[in-house]
2 protein chains.
Amino acid sequence: MKYASSHACDAWRLLVRFSFAQRAHLPLLAAELQLSPAQCHVLRLIEPGRPIPMGRVAETLACDASNVTGLVDRLESRGLVRRRPSGADRRVKVLALTPTGSRLRALLLDRMTTPPATLGRLSVREQQALVRILTRLLG
Amino acid sequence: MKYASSHACDAWRLLVRFSFAQRAHLPLLAAELQLSPAQCHVLRLIEPGRPIPMGRVAETLACDASNVTGLVDRLESRGLVRRRPSGADRRVKVLALTPTGSRLRALLLDRMTTPPATLGRLSVREQQALVRILTRLLG
DNA sequence: GCCTGATAGTTGATGATGTCAACTATTGAC
DNA sequence: GTCAATAGTTGACATCATCAACTATCAGGC
């Protein structure tokens, strides 16, 4: 994107800056729930009732498959997650939340997605515009 | 913010989702520059010509001070960063970029803030609106 | 059926990240 | 000057993350 408009560059810079600012919150939030940031990422990816193959987790986190093995080992030993064989392919193991894991995940997502006070600086109209724009951007 | 509008919640959810999506890019980008994600964070915080105390880095990254010691040890051994005593307080050590570190940081920031093609989905008007809204949000 | 190559996950080795407690040096207030 | 507080380091330890080697399974061709 060498020829992106300056508006696009500015917008992207702001989004990246937001991501970095946001990054600092996760360790604190994770610690409150006795989790590590990496474990939060894994937990976030396992939606209740939607088991996900381990390889897909590695792919989404852009990390090595053996790293996921260790992360899941710890989550499983804490009773938050279960490995189950995939029906379609016996090489694949899918990850499912236990009831405890499901509750913890809900708590985690709830705290992560609670908007901070600074969002109140925006008018309702601006909030709507932001939702519309981000939806197009991420969709 | 229990009483935040649903628009605010939606907007925040999208921003958080963006942060997570963004998170996966850093390891790849960092690896290209022979850096780890954590080292990128430190490098990003040291602006050229603006030495920063180590404690401030720890505070911004929301991590222990001893962690910064190790990170800076590795950056310094690679000749990217220098520890210097602070004039005002002899307990404090400030971090400054070497010329090599400064160049690498510029390269890093350049790659991080290059907008992806998906920003092209937005009209110029939407890009302007996004910049305006994010500026108010982060300011 | 039987090779063969590719894929999913695990294991072991190794280095990096991150926390904690204990320590040194310095500061600032009394 | 004494004493609590602060900045940074050190050492011990768990976790994160990668790589290479391995097992088991799959999918294709013959």
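**Figure 1. Interface between chains A and B in the predicted model.** The copies meet through the same surface, because 100% of the interface residues of chain B are also interface residues in chain A. Laying chain B on chain A takes a turn of 180 degrees and a shift of 0.0 Å along the axis, and the RMSD is 0.1 Å. The two copies are thus related as by a two-fold rotation axis. Within chain B, the residue that comes closest to this axis is B:S19, with its C-alpha at 2.4 Å.

**Figure 2. The largest pocket.** Its space amounts to about 1200 Å³. The lining counts 47 residues. Closest to the pocket centre are A:R23, B:S19, B:R23, B:L26 and B:H41. B:S19 is also the residue of chain B that comes closest to the rotation axis. Sorted by class, the lining holds 30 nonpolar, 12 polar and 5 charged residues.

**Figure 3. Protein surface near DNA strand C.** The strand is surrounded by 22 residues. A:G55, A:T69, B:S36, B:S66 and B:R74 are the closest. Of the strand atoms that come within 4 Å of the protein, 67% are sugar and phosphate. The surface residues split into 7 nonpolar, 7 polar and 8 charged.

**Figure 4. Polar contacts to DNA strand C.** Backbone atoms of both chains approach phosphate oxygens. In A:K93, a polar backbone atom is 3.0 Å from one. In B:R90, a backbone N or O atom is 3.2 Å from one. B:R91 approaches a base: an N or O atom of its side chain is 3.5 Å from a base oxygen. Elements giving two or more residues to this surface are α4 (54-61) and α5 (65-77) of chain A, plus α3 (37-45) and α5 (65-77) of chain B. The largest share, 4 residues, is from α5(B).

**Figure 5. Protein surface near DNA strand D.** Here, too, the strand is surrounded by 22 residues. The closest are A:S36, A:S66, B:G55, B:T69 and B:R83. Sugar or phosphate makes up 68% of the strand atoms within 4 Å of the protein, and bases make up the rest. The classes are 7 nonpolar, 7 polar and 8 charged residues.

**Figure 6. Polar contacts to DNA strand D.** A polar backbone atom of A:D64 is 2.7 Å from a phosphate oxygen. For B:G55, a backbone N or O atom lies 2.5 Å from a phosphate oxygen. A:N67 uses its side chain: a polar atom there is 3.3 Å from a sugar or linking oxygen. Two or more residues each come from α3 (37-45) and α5 of chain A, and from α4 (54-61) and α5 of chain B. The largest share of this surface, 4 residues, belongs to α5(A).

Definitions and conventions
Residues are numbered from 1 along each chain as its sequence is written. Chains are lettered from A and ligands numbered from 1 in the order in which they are written. This is a predicted model: local features need pLDDT of at least 70, side-chain atom pairs count only at pLDDT 80 or more; totals for chains, interfaces and linings use all residues. Side-chain values use heavy atoms; hydrogens and water are left out. On a 1 Å grid over the protein atoms alone, a cavity is a set of points where a 1.4 Å probe fits but cannot get out, and a pocket is an open set with protein on both sides within 12 Å along at least five of seven lines; lining residues have an atom within 4 Å of a point. Grid points are joined across faces, edges and corners, and a volume is the space filled by probe spheres set on the points. Ala, Val, Leu, Ile, Met, Phe, Trp, Tyr, Cys and Pro count as nonpolar, Asp, Glu, Lys and Arg as charged, and the others, Gly among them, as polar. A residue is near a molecule or strand if one of its heavy atoms lies within 4 Å of it. A polar contact is a pair of N or O atoms within 3.5 Å; within protein, one must be able to donate a hydrogen and the other to accept it, and residues adjacent in sequence count only if both atoms are side-chain atoms. Copies are superposed by least squares on the C-alpha atoms of residues with pLDDT of at least 70 in both. Contact means heavy atoms within 4.5 Å.
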